[in-house]
Amino acid sequence: MFQIMNFERRELSNPQLLDLYKKILKPRLIEEKMLILIRQGKVSKWFSGIGQEAISVGLTAALDKDEYILPMHRNLGVFTTREIPLHRLFSQWQGKKNGFTKGRDRSFHFGTQEYKIIGMISHLGPQMGIADGIALANKLKRNNKITAVFTGEGATSEGDFHEALNIAAVWELPVLFVIENNGYGLSTPTNEQYRCENLADKGIGYGMESHIVDGNNILEVYHLISELKLSLIENPRPVLLEFKTFRMRGHEEASGTKYVPQELMDVWAAKDPVENFRKYLKATAVLSDDVDDNIRNEIKNEIDTDWAKVQEEPEIIATLDEELNDVYKPFEYEEVKPNEITENIRLIDAISNGLKQSMERHDNLVIMGQDIAEYGGAFKITDGFVAHFGNQRVRNTPICESAVVSAANGLSINGYKAIVEMQFADFVSTGFNPIVNLLAKQHYRWQEKSDVVVRMPCGGGTQAGPFHSQTNEAWFTKTPGLKVVYPAFPFDAKGLLNTAINDPNPVLFFEHKQLYRSIYQEVPKDYYTLPFGKAALLKEGEEVTIISFGAGVHWALETLDKHPEIKADLLDLRTLQPMDWDAIHTSVKKTNKVIILQEDTLFGGVASDISAMIMENCFEYLDAPVKRVGSLETAIPFMKSLEDQYLPKNRFEKELLTLLEY
Ligand SMILES: Cc1ncc(C[n+]2csc(CCOP(=O)(O)OP(=O)(O)O)c2C)c(N)n1
């Protein structure tokens, strides 16, 4: 009933062929068991890779064990071919502790450094950018390793696909981009997904070699990947591979296949990758019936034993400590004291200075951003860096924030530290997904750090209009897993940036553009660090607490200069996540009145949460309602008169005086 496909063994010995057979049979038998368990209600969700195993298995078998593979939700064969003990996989799927995510993420949504497999986040596309970063790290290490990343044909419609392929092409990264074209993205057939004849045709648009491969023929897959592996070592480059295959079951088990024409199912059933390979091995006398039976029984026993073992593992018990402690990777802050030799420099110089000294300190630190290399960046912060550190570590990127942030995460996974400079903080929106979903959640999900700093030139007052003036810290303070730093002075900026770079967690580092060249301070010439989570008490007084950060601190200082009679505590928060709640509570308990000044629009901003925390913790100390002052609830306008009205600077004085009179 199965057609014999054209298998070519080339130099493969009988034991090698049998080994490949065992490898392709294993995921199939596991899946067959899973299908039974689903019917018994013992497994809830299952994304089947039946019919697609030759790709996962053939590719993984051809790569070295220490070469990173980034699979998707149908690539069980990658995990089994890397020989992850089955009970660990089962634990993962059952949400038990011996899995890879402590019950925090399901199915194949995990990574493991032990097996050099980096699993997906649900958003599909970011995988490809991570692969770029991993491959870049390999290239910088000159270790001759290649990286393979999987995607379905559906996810090739995502911008991340384009961005990642483009970066890989421009940077000549040794990445295999593996498209498993299985006919459907959930219920969407390929003709509603893309218009070119073959997805491999897109390679030409990226200046990239591409191949169309029979994804159901394990030997074709294995030989091609083996050849490419050698070829990529000789000539590092990305290659686009379109594997033609078919999804034989529903998108996931519950969703069925009603929309798939039966004749299509029949055609592809005849091309079953496991059955055809078995037929070939039997026809060529490599595999006998007895040996086949033994192999099957052995795998089935392993599955049953490991499944039984996992049933005995206890269910996860939720504890607050364990959950909260895993959001961030523990970071041992190393204090490097500022030395006394200082220079009077601007905020922008302090940032540049800190960056440079951190680049010297960490030879695994890579900076990426648009126009940051020879041009020195939009604000010239990295001017001269290429001459000093070379263009491998100071990298111009194409305009593609999403894949660059994902690549930064890939660098981190493969032993580097990464800084991404947003040209303007506003443009982080096109890199938002990987920041809040990938970087922020990675440590909590599978205990892997994301050693990335995203630098954010932000803020208004420069008449730059709605898309070059925003201060969007609240987009990120909302998301557990991110740290958010927002200095107002050169001294703080340099010390906090150095700490941000040392910290293995993802940090959003806000740099106010209007302060860049207007604020001077004596700043130590040498390297030093400052701790996160410590507000600075800039002024002390008993009447009122003023809480602010960034440009707001300077507006508050101006107001206090104008009103020397006001006796205020002025707290500059410096970091928003972590927040120095102790400093806030201590001051409020002393002054009994509080006003919070933020540059962002009010609703949903940091001031609102500070206000709520004060209400909850200091209510009985308050002599007046907590006052928040922020920008108008509009986009930030361009013309000066409009921008002046929008920003809270001019309203702050009035609100402060009103509060004092309450
Ligand atoms: C950004 C995003 N949009 C939508 C989804 C929902 N979704 C999950 S898988 C999937 C289909 C993916 O199709 P394809 O890439 O071809 O992979 P396949 O499932 O066929 O292997 C969709 C729409 C998602 N996970 N992420």
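Reader: Why does K417 count as buried?

Author: K417 has a relative accessibility of 9%. Buried means under 20% relative accessible area, exposed means over 50%, and partly exposed lies in between, with a 1.4 Å probe and the protein chains only. K417 is therefore buried, at 9%. The model is predicted, so local features need pLDDT of at least 70 and side-chain atom pairs count only at pLDDT 80 or more, whereas totals for chains, interfaces and linings use all residues. Residues are numbered from 1 along each chain as its sequence is written, and side-chain values use heavy atoms, with hydrogens and water left out.

Reader: What makes the contact between K417 and D451 a salt bridge?

Author: The term requires a side-chain nitrogen of Lys or Arg within 4 Å of a carboxyl oxygen of Asp or Glu. The side chains of K417 and D451 meet at 3.0 Å, N to O, so the pair satisfies the definition. K417 belongs to strand β13 (residues 417-421), and D451 to the loop between α15 (432-446) and β14 (452-458), so the bridge ties together parts that are 34 residues apart in sequence. Helices (H or I, at least four residues) and strands (E, at least two) are DSSP runs numbered from the N terminus. D451 is buried because its relative accessibility is 6%.

Reader: How do you know that K627 is partly exposed, and what is the state of E655?

Author: K627 has a relative accessibility of 30%, so it counts as partly exposed. E655, at 18%, counts as buried. The two residues form a salt bridge, with their closest N and O atoms 3.8 Å apart. K627 lies in strand β23 (residues 627-631) and E655 in helix α23 (residues 649-661), so this pair ties together parts that are 28 residues apart in sequence.

Reader: What places D292 and R296 about one turn of the helix apart?

Author: Both residues lie in helix α10 (residues 289-312), with a separation of four residues. Their side chains meet in a salt bridge at 3.8 Å, N to O. D292 and R296 are both buried.

Reader: How many salt bridges does the structure hold, and which residues are linked in a network?

Author: The structure holds 42 salt bridges. K97, K102, R104, E322, E323 and D326 are linked in a network of them. Side chains of opposite charge can pair when their charged atoms come close.

Reader: Which residues are the closest to the ligand?

Author: The ligand is surrounded by 15 residues, of which H73, R74, S122, G154 and Y184 are the closest. A residue is near a molecule if one of its heavy atoms lies within 4 Å of it.

Reader: What makes R74 a polar contact of the ligand?

Author: A polar contact is a pair of N or O atoms within 3.5 Å. A side-chain N or O atom of R74 is 2.7 Å from an oxygen atom of the ligand, so the pair qualifies. The backbone also takes part: an N or O atom of G154 lies 2.7 Å from a ligand oxygen, and one of A155 lies 2.9 Å from a ligand oxygen. On its own the ligand has 580 Å² of accessible area, and the protein covers 69% of it.

Reader: Why is R142 called exposed?

Author: R142 has a relative accessible area of 74%, and it is therefore exposed. R142 lies in the loop between α5 (126-141) and β4 (147-152). Although R142 is not a glycine, its phi is positive, about 50°.

Reader: How do you know that K380 is partly exposed?

Author: The relative accessible area of K380 is 36%, so K380 is partly exposed. K380 is found in the loop between β11 (365-369) and α13 (385-389). K380 too is not a glycine, yet has a positive phi of about 70°.

Reader: Is P398 buried or exposed?

Author: P398 is buried, because its relative accessible area is 17%. P398 lies in the loop between β12 (394-396) and α14 (401-413). P398 and I167 are 231 residues apart in sequence and 6.8 Å apart in space, C-alpha to C-alpha.

Reader: What joins Q577 and P578?

Author: A cis peptide bond joins them, with omega about 10°. P578 lies in the loop between β21 (575-577) and α20 (581-591).

Key
A polar contact is a pair of N or O atoms within 3.5 Å; within protein, one must be able to donate a hydrogen and the other to accept it, and residues adjacent in sequence count only if both atoms are side-chain atoms. Accessible areas come from the Shrake-Rupley method with a 1.4 Å probe; for residues, only the protein chains shown count as cover.
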